[in-house]
Structure formats: C-alpha cells, structure tokens
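Thanks for coming, everyone. Let's put the structure on the screen and walk through it together.

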Amino acid sequence: MSQNLEKSQAYPRRRPGPHPGLESPEAASATAMYTFLPDNISSVKPKASKEVRPLLGSVVLGLLLVLAAVVAWCYYSASLRKAERLRLEQLDLKLGGFSIRNQKGEQVFRMAFRSGALDLDSCSRDGALLGCSRRADGRPLHFFIQTVRPKDTVMCYRVRWEEAEPGLAVEHAMFLGDDGEAHWYGGAEMRTQHWPIRLEGQQEPQPFVTSDVYSSDAAFGGILERYWLSSRAAAIKVNGSVPFHLGWNGTERSLRLQARYRRTPYKPPAGLPAAPELSYRVCVGSDITSIHKYMVRRYFNKPSRVPAPETFRDPIWSTWVLFGREVDQDKVQRFARQIRQHGFNSSHLEIDDTYTPAYGDFRFDEAKFPNASDMFRRLRGAGFQVTLWVHPFVNYNASSFGEGVERELFVREPSGRLPALVRWWNGIGAVLDFTRPEARDWFQGHLRRLRAQYGVASFKFDAGEVSYLPRDFSTYRPLPDPNLWSRRYTEMALPFFSLAEVRVGYQSQNISCFFRLVDRDSVWGYDLGLRSLIPAVLTVSMLGYPFILPDMVGGNVVPERTAGGGRVPERELYVRWLEVAAFMPAMQFSVPPWQYDAEVVAIAHKFTALRASLVAPLLLELAGEVTDTGDPIVRPLWWIAPADETAHRIDSQFLIGDTLLVAPVLEPGKQERDVYLPAGKWRSYKGELFDKTPVLLTDYPVDLDEIAYFIWVS
C-alpha cells in the first residue's frame, strides 16, 4: 500500500547575488569617464579634430559592447547556476513543470503545472531535496521534489505541491507523449476499455472513485488504483492522502491530475484546513516489465492466500440470465439437474438475486423456497458448492431496516442524525456503514448464520461502489477518501475468500478473492463487449489484482444491449466468448450452452476439459507464486518482450505466465486472425514450431471450435 509523502523538509532560502569578481555597471561607467592630465597641459579642452571623432565613437561603441558582453555573461552565468540548482539527477525543473530523462538521456516523463507556475527565485536545493516556497503570482506554497535511488536500475522522484491557502485546486498535466511515442496502461476499469489507454475528447477532472460504469457511462469503474505505467519504463503512483480527481485532454494527450476539496466527496483530515495537496511518486527504470515489478513490490499489497483450486479448474454456474429475479427452489434444482444431464461436472452453483422476501433480509423467501434446507442438502449431495448473492443495501421495506436504523448501522446524511436513503438498481434503501464495527459484525454475523444453517459455501459480494453513496454523507469513522468505504466492503469477504467474488477493488490487493469485472453486454465491441474483455483483464492485472473473474460467458443479455436483440447472445459471439473465458483465471456460465444446440454443447465440453487439463494447472502454479511476487497471472505480451514496440500495442492477445500465449478470434464472421509471436520458440496447438521470431502470422486459420494458443518451447 502506498505511504503518504512526509512533510517537506526545511530548506534554506537562497537569493542570487552579484557574480563574484565582477564590478557593478555604475562603477564600470565611472572608471571609463574619469581622466588624468599632465601639469604642462592646459586645462582648456581643445576641439576634437574631424579625424579623432570617429576614433572616439569607436572607443565608446567598443566599451558599450564590452559592457553588454559582461552583463550578458552575468545573466548567462546566473542562469547556468539556477539551472544547475534546479536539476536533480535526470530531472529538470522549470517554472511551468518538469521533465525526467532516463539513463540514456531520453525524455520519458513530462509534467506541466496547470494551476500555477513556480517562482524559481524561491527555490533552493539541499542535497537530494529541491524545494520552493512561492508561486509565480507571489502566493505562498509548499513544494518539493526529492530523489530516491532504491536500486541501481531505478530512480524515483517524490513530488509534493501543497497550497497554503484553503479553497484552491492544484492541477498538474501528465503528458502521455506523441501518438506512437509512448504507450500508457493502468488507472481504472472503464466502460469503454482500451489497451493501451486511448484519450478521446476532453474530460474535466472528476472524483477518482469507484463507480458502476454499467449505469454511468463517463465514470471510472469499480476496480481502480492511482497508478499508471508507460512503455518507456516510467511509472507514477498518486498518494492516498490526495483528494484526487482525474480528467484528460485528448488533443494534447494529457491526463489532468487534480487535487481539490470543492464540490467533491473528499474531506480534509479532521482539524486541518481544506488546503489541498497533490503528491505522487514517479519512478524510472530500465524497461517496462522491471519498473512495474518494482512498483508492485514497493507500493502494492499482495494476496495473502489463494482461492480454492476448484475455482480455477471448474466453471461457475449462475442462475442470473436464465431466471433473473424469478428464481425459485424448483428452478435452482432443475438447473442443477440439467448441468449434470448435459455431462458437465457438479461444481460451483450461484443463486443470484431475489431469493429473500426483500432486499436487505438474510432469510429465504418461503413462498419461493419452501424448503431451502432440503434444497441445499440435495445440491450438496450432488456435489455442488452453492454460493449466494449479497449486497450492502437494506431497502426500506426489509424486515431488518428498522433494526438498522435503531442500531445506527447505516451511512447517514451530513448532520449524522438520520440514515441517508439512496436509489440503486433494485429500489430505495439505506447503505451499511462498514466503518462502524457493529455494522460489519452484524453483516458478517448474518452471513455466518446462513453458512451454518444451510451449508452455504460462500457469497457473491455485489455492488460496493462509492457512486451508490449519497453525494453528501457522514460515516462513523470519517472518510477523507471515500474509496475506503469500498475497501471496507471488500474486507467483508475475507472470512469467505475461498469461493467468494467481489466487484470493487481499491487498495484491496491483499483480499484473496476473485475480483469480478462489471457486467458485460452481449455485443462484440470495446464498449462493455467481447473486445473489451482482454483490455479490462490486463488493466486489472496491472493494478495488482491477479484473481480475475471476467463475468458471464456471452454477457448479460439485456435486450437493448444484445447484438441481434435476441433472448440469448448470438451463437458465434457466445462460442468465441466461451473460448476466451476458458483461458481466464475463472470461468462463469449463466447462459448454459444447451440453450443453443449439440455442437455448442460439444464445444463447451471441449474447452472445459482443456481448461481442466492445460490451463488450470498453470493457473494454480502461478497463483501460488503471486503471494510471494505479486506478478500478474494474465500478462500482456510486453511482459516477456519489454523492448518490443509491436508487443506494446497488442490488445487482442495475452499470456498466462510466460509460457502460454492466447490469441482468440474476437470479430464476427472470422475464421482467421493475425497472430504476433514475440521472440522465442513457440509451438502451436496444431503442433507447428515457430522459431524464427518475432513474427506476424497473417490470416492464421482458426475454426469456430478453436482458439489459437501457443506454448513456449524451452
């Protein structure tokens, strides 16, 4: 977890004085004009002859030129001294920003100060610390940059700009470089996901908080970190103490990093004025893979445990798409029978939505589940591990709502007197305040009771985004960063980690659960479609979350968001989605393959078997390493080819570890695709050996029941 920058060290204020050894211009003029005369010469000044006048003019002009040269040299010397004073290792500071070079002298990072410029005369350097006390407009501030060299191949810069006056905003613009010059990754799960990052249009800085991008197009997603990584081996981590807002300018290709307390859910620490700070660390290394490894080991937590092996090996079967809110006991038991009748093994069965009388209750609706105990007994006997859908909302009509009000378990309105009611996708209710220990114990107590009474294996923790909190709210323990509410929610899953899934993540890398991507639409494109799947998984992987569930095969099947408008995803889309999911850390069905035909069922059998025999053993091996290294399980191609410019741009292929390269078909009507193999020896799933690499295989044939994958040959 990132640590806050320590307060600026005291630094002496130095002002440039006159250049040593040079006399003032006034003294130089007096010397030039003073003349000594011999005694025998008359003091009457003779009239200069016409021949002497040009000579005197030349002398005066020469003196003026010498004087100008001296003055210019003074300014030049002062500028050199100032430039030297404001240079730290490979960083050059200007009044309007700074740039960083790597060890080869190439500029790899550039930041501009957009909310104000520095008064460079107020800056001084003390060893590795460079500090300034004034802005160019004369306002006081606290600014410093400090260098840290943690290892020979890494140089880091700790930057802090703190306004002395409350109410102001601090904004720096981080340039991503010219298109094609550098590629950037990280930040957040987004509705339209690209790898590397694409900036389109302009976005004013908005709170960088967890949000539900399925219902809010322009928001950031439920999994985010204040971390970005460049293909030029530069990385930036914004401190957790910053009231952080993010925007962008697609024209100049810059991210707008802003700190402010006005019109925002961020609150200043208790007892301190609302004077924002923008502080971050920039680190530069030798290549993108090594600098990312350094940043993850230094600033992120790692999972402490590994989920159950069956979550990597076997599919999850969800009731959502088939039955939605109309789920009941008979439908669940029929679904389980169909799974076995169609030849799939009994694995993980998830009961999703509306199994309780009201949202916020923790008991089964007896009208829909007249004998829940018997249902669970039968499912366990058939070999199923059953999980239940849960959420942090308690609707006003739930039997537990009154108890929550009486015991003050809910997030409250700003005065702290009344619970704050919010609207979510299933109605109106209150939100549990997980900063209050009593609320946490109450919620977990109900989950433990369900586990003990019915043998529930675990839970699907849905929602948890800050966007579902009211804009103004109060909690038992103040939240300077509202994202910490999402963090507290993910902690609810810790006792149930082995089969649990959550869909929010902020500073939650040590929560050893599967992190689920937000619901996908049943479409092909980058806007929550199939093409967004690999970019989203790679992004979440780079943010330090190795255990990823890429939601349901085929998507959510919302009628207005489904290609073709059918009641199930298009057949070809479903098959291609299934093939990708078979190579992901977890695989989930909600539209069962028997909704199509025997061929689709056969394809599903083929890939669930391939997953169990080839993919799962590798996933489990890598999962065991994650607790020590923090390295991702799903990796971009540049992980093994950090200097390969082509690998930096590829968003339709991925690696599992360093040895299994996957290249699925992601476009409709295609039975071929281009495949890029980075340097090394690769053997295809067809048995072909490719040892003259790197190479682009154009129009590589891939039938509908195939996915192109290649194994590294040692």
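Start with E408. Is E408 buried, exposed or partly exposed? Its relative accessibility is 37%, so E408 counts as partly exposed, because that class runs from 20% to 50%. Keep in mind that this is a predicted model. E408 is not a glycine, yet its phi is positive, about 60°. Most residues other than glycine have a negative phi. To find E408, look in the loop between α8, residues 401-406, and β21, residues 422-424.

Now a second residue with that kind of backbone. A233 is not a glycine either, and its phi is positive at about 70°. A233 sits in the loop that runs between β12 (224-230) and β13 (234-238). Is A233 buried or exposed? The relative accessible area of A233 is 4%, so A233 is buried, because the cut-off is under 20%.

Next, the peptide bonds. Most peptide bonds are trans. Here is a cis one: the bond from W195 to P196, with omega near -5°. P196 belongs to the loop between β10 (184-188) and β11 (202-207). Here is another: T693 and P694 are joined by a cis peptide bond, with omega about 0°. P694 lies in the loop between β33 (689-690) and β34 (695-701).

On to the interior. Nonpolar side chains tend to be buried together in soluble globular proteins. In this model, the largest nonpolar core has 210 residues. Which of them touch the most other members? They are F98, F109, W228, F461 and F583. Helix α13, residues 598-629, gives this core its largest share, twelve residues. There is also a second, separate core of five residues, and among them are Y214, V518, L528 and V558.

Stay with the helices. Look at α12, residues 571-581. Why do we call α12 largely enclosed by the rest of the structure? Because nine of its eleven residues are buried. The buried ones are L573, Y574, V575, R576, W577, L578, E579, V580 and A581. Note that R576 and E579 are on that list. What covers these buried residues? The cover includes α11 (533-542), β27 (588-589) and α13. Helix α13 is the one that gives the largest core its twelve residues.

One more helix residue: S486. Find S486 in helix α10, residues 483-491. Its relative accessibility is 0%, so S486 counts as buried. What does the side chain of S486 reach? It reaches the backbone oxygen of G464, at 2.7 Å. Leaving out residues up to four places away in sequence, S486 touches T210, G464, E465, V466 and V504. So G464 appears twice here, because the S486 side chain reaches its backbone oxygen and G464 is also on the contact list.

Last topic: empty space. Rolling a probe the size of a water molecule over the atoms shows where empty space is left. How many cavities of 30 Å³ or more turn up in the whole structure? The search finds three. The largest cavity holds about 90 Å³ of space. Its lining is Y355, T356, G360, D361, F362, W389, V390, H391 and F393. By type, five lining residues are nonpolar, three are polar and one is charged.

That's the tour. Questions are welcome.

Key:
Residues numbered from 1 in each chain as written. Predicted model: local features only at pLDDT ≥ 70, side-chain atom pairs only at ≥ 80, totals over all residues. Heavy atoms only, no water. Core = buried A, V, L, I, M, F, W, Y, C linked by side-chain atoms within 4.5 Å. Buried < 20%, exposed > 50% of the residue type's maximum accessible area, 1.4 Å probe, protein only. Helix = DSSP H or I, 4+ residues; strand = E, 2+ residues; numbered from the N terminus. Contact = heavy atoms within 4.5 Å. 1 Å grid on protein atoms, 1.4 Å probe; cavity = no way out; pocket = protein on both sides within 12 Å on 5 of 7 lines; lining within 4 Å. Points joined across faces, edges and corners; volume = space filled by probe spheres on them. Nonpolar A, V, L, I, M, F, W, Y, C, P; charged D, E, K, R; others polar. Polar contact = N/O pair within 3.5 Å; in protein donor to acceptor, adjacent residues only side chain to side chain.
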